[in-house]
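This report describes the architecture of one protein chain, proceeding from a loop residue to the overall fold, the cores and selected helix contacts. The sequence and structure are shown below.

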Amino acid sequence: MTQEGDYHEKFTHALEKVLPSLGLGTAAMLGMYFLDVSRLVRHARVVYGGALAVSLLPLVFLHSHYCTYYIALAAALSPLAYALWLYSFRNKGWKGFLLTILGGGFLAVVCCLTPGISKLMMLLFSGLVLTLYAAGRDWFGVGRWKGVAAALAVVFGLLAVLFFAGYLNSFLHRVIIALHPEQDRLVRGYSGYMGWVLKMFWRDVPPLRSVIGEAAMSVNAGARVFGAGQEMRPIDFSHDFLPASLAAAWGWVPLALLLAAVAALLLWLLVKGLRQSYLPGHFVVLAVVLTLGFQTLFSAALNFGFVLFSASLPLVVGNFQTILNMTLIGLALSVFRGNSIAREEPEKPLSQKKRLRIRFEYQ
């Protein structure tokens with residue numbers, strides 16, 4: 001079979017796997033679209049507790065392989081759970097701020113149980129943006145600059161702890177290897193080798209035709225050789241290197257159009273979401289955009305040679321992650337639909353104190 005025929009066969013096989021996911025994802029998206037998001041906001045702490053329970057129950061009832069996979073999928077919803085948890089402590093002062101950070105720490109522990117660190121990085125970056133956004137609007141009621149300074153102090157404090165514990169040095173070393181994989185491609189194994197292969201691959205990718213030669217074979221075989229250490233077999237279209245496989249089959253122009261379409265969708269969701277009059281809707285849409293945005297960013301970095309951790313491109317992978325992504329989009333769309341319906345619960349009016357007035361008159 002020719003190389004072009006092999007690409008088309010892989011694409012057909014991938015399409016057969018994607019269509020069921022798209023069907024289930026469409027049903028989930030429609031279901032979330034007709035959901036009243038204000039109910040999630042009113043029961044934000046219950047939703048947060050449920051998210052923790054759903055993430056931790058597999059540790060008891062499932063085997064190790066399925067357990068880590070299930071937790072990884074549940075961890076993808078951690079930014080949304082954190083956003084609802086954070087909003088539930090609006091106007092609660094410093095106590096609310098501390099409980100918000102503590103709740104984020106529990107979610108981070110759950111993300112640490114996953115085999116990769118992409119979910120943890122997504123939670124940390126999304127959580128930082130959400131916390132700074134809330135502090136900048138003085139949602140905690142402690143003052144804008146005080147809230148922002150406290151959030152940044154938590155970040156720098158965490159970095160200091162990681163530095164003295166030695167974890168930060170190891171992570172920075174991995175970043176250097178990911179930036180310059182050609183310097184250590186054999187010593188570092190999978191990360192260094194695949195980063196070097198991908199950088200060599202992108203030098204020869206044409207605009208609108210399939211790649212031929214050793215570079216394309218390396219992209220489609222290198223990950224399995226160094227990842228599994230067994231037989232050489234091509235990367236499936238449903239794996240993390242789908243963008244590189246797409247470029248190998250059709251050139252970089254279709255890939256650029258696909259990434260532009262995903263970026264345009266996220267930008268539209270963000271702009272429209274921040275214009276909503278329903279204030280908690282800002283947070284829900286922002287959490288959804290950050291989740292999908294960091295997935296897209298991490299996937300693009302991986303496929304362009306920055307092999308730091310695994311990540312899949314949203315909406316096009318064709319597995320349960322696609323269903324989760326479409327569910328999140330449906331939730332964001334429900335904010336737009338319910339903007340005229342969902343309202344924040346009005347604050348209770350201040351109780352009027354009865355006063356005894358004594359009036360003296362002199363004649």
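Is Asn-91 buried, partly exposed or exposed? Its relative accessible area is 45%, so Asn-91 counts as partly exposed.

## Basis and overall composition

The model is predicted. The chain contains 16 helices and zero strands. Of its 363 residues, 45% are buried.

Contacts across long stretches of sequence are prominent in the count: among contacts with a separation of 6 or more, 72% join residues 24 or more positions apart. One pair distant in sequence is Gly-23 and Ile-323, which are 300 residues apart along the chain, with their C-alpha atoms 8.7 Å apart in space. Gly-23 belongs to helix α1, which covers residues 3-33. With a relative accessible area of 43%, Gly-23 is partly exposed.

## Loop residues with positive phi

Asn-91 is situated in the loop that links α6 (78-87) to α7 (93-112). Its phi is positive, at about 65°, although Asn-91 is not a glycine.

Asp-138 is another non-glycine residue with a positive phi, here near 55°. The loop between α8 and α9 holds Asp-138. Its relative accessible area of 27% lies between the limits of 20% and 50%, and Asp-138 is therefore partly exposed.

## Nonpolar cores

The largest nonpolar core comprises 58 residues. Within this core, the residues with the most contacts are Leu-107, Leu-130, Phe-283, Val-284 and Phe-298. Helix α15 (residues 279-303) supplies the largest share of the core, namely twelve residues. Another core, of 15 residues, lies apart from it and includes Met-194, Phe-201, Leu-246 and Ala-247. In soluble globular proteins, nonpolar side chains tend to be buried together.

The surroundings of Leu-107 can be listed individually. Leaving aside residues up to four places away in sequence, Leu-107 touches Tyr-48, Leu-52, Ser-78, Ala-81, Tyr-82 and Leu-123.

## Helix α8: a buried serine and the contact with α9

Ser-126 is part of helix α8, which spans residues 118-136. Its relative accessibility is 0%, below the 20% limit, so Ser-126 counts as buried. The side chain of Ser-126 reaches the backbone oxygen of Met-122 at 2.7 Å. When residues up to four places away in sequence are not counted, Ser-126 touches Pro-79, Leu-290, Thr-291 and Phe-294.

How are α8 and α9 oriented to each other? The axes of α8 and helix α9 (residues 144-165) come within 7 Å and cross at roughly 160°. This angle is over 145°, the limit for the antiparallel class, and the two helices are therefore roughly antiparallel to each other. On the α8 side, the contact is made by Leu-128, Thr-131, Leu-132, Ala-135 and Gly-136. On the α9 side, Arg-144, Gly-147, Val-148, Ala-151, Leu-152 and Val-155 take part. By class, the residues of this contact divide into seven nonpolar, three polar and one charged.

## The contact of α13 with α14

Helix α13 (residues 242-250) and helix α14 (residues 252-274) have axes that come within 7 Å and cross at roughly 140°. That angle falls between 115° and 145°, and α13 and α14 are therefore oblique to each other. Pro-243, Leu-246, Ala-247 and Trp-250 of α13 meet Trp-252, Pro-254, Leu-255 and Leu-258 of α14. What is the chemical division of the residues in the contact of α13 with α14? There are eight nonpolar, no polar and no charged residues.

Pro-254, one of the residues in this contact, lies in helix α14. Its relative accessible area is 23%, and Pro-254 is therefore partly exposed. Pro-254 and Pro-243 are eleven residues apart in sequence, and the distance between their C-alpha atoms is 9.6 Å. Apart from residues up to four places away in sequence, Pro-254 touches Pro-207, Leu-208 and Leu-246. Leu-246 also takes part in the contact with α14 and is one of the members of the 15-residue core.

How values were computed:
Residues are numbered from 1 along each chain as its sequence is written. This is a predicted model: local features need pLDDT of at least 70, side-chain atom pairs count only at pLDDT 80 or more; totals for chains, interfaces and linings use all residues. Side-chain values use heavy atoms; hydrogens and water are left out. Axes are lines fitted to C-alpha atoms, for helices over the stretch in contact, and angles run from 0 to 180 degrees between N-to-C directions. Helices (H or I, at least four residues) and strands (E, at least two) are DSSP runs, numbered from the N terminus. Angles under 35 degrees count as roughly parallel, over 145 as roughly antiparallel, 65 to 115 as roughly perpendicular and the rest as oblique. Contact means heavy atoms within 4.5 Å. Ala, Val, Leu, Ile, Met, Phe, Trp, Tyr, Cys and Pro count as nonpolar, Asp, Glu, Lys and Arg as charged, and the others, Gly among them, as polar. Buried means under 20% relative accessible area, exposed over 50%, partly exposed in between (1.4 Å probe, protein chains only). A polar contact is a pair of N or O atoms within 3.5 Å; within protein, one must be able to donate a hydrogen and the other to accept it, and residues adjacent in sequence count only if both atoms are side-chain atoms. A nonpolar core is a set of buried Ala, Val, Leu, Ile, Met, Phe, Trp, Tyr and Cys residues joined through side-chain atoms within 4.5 Å.
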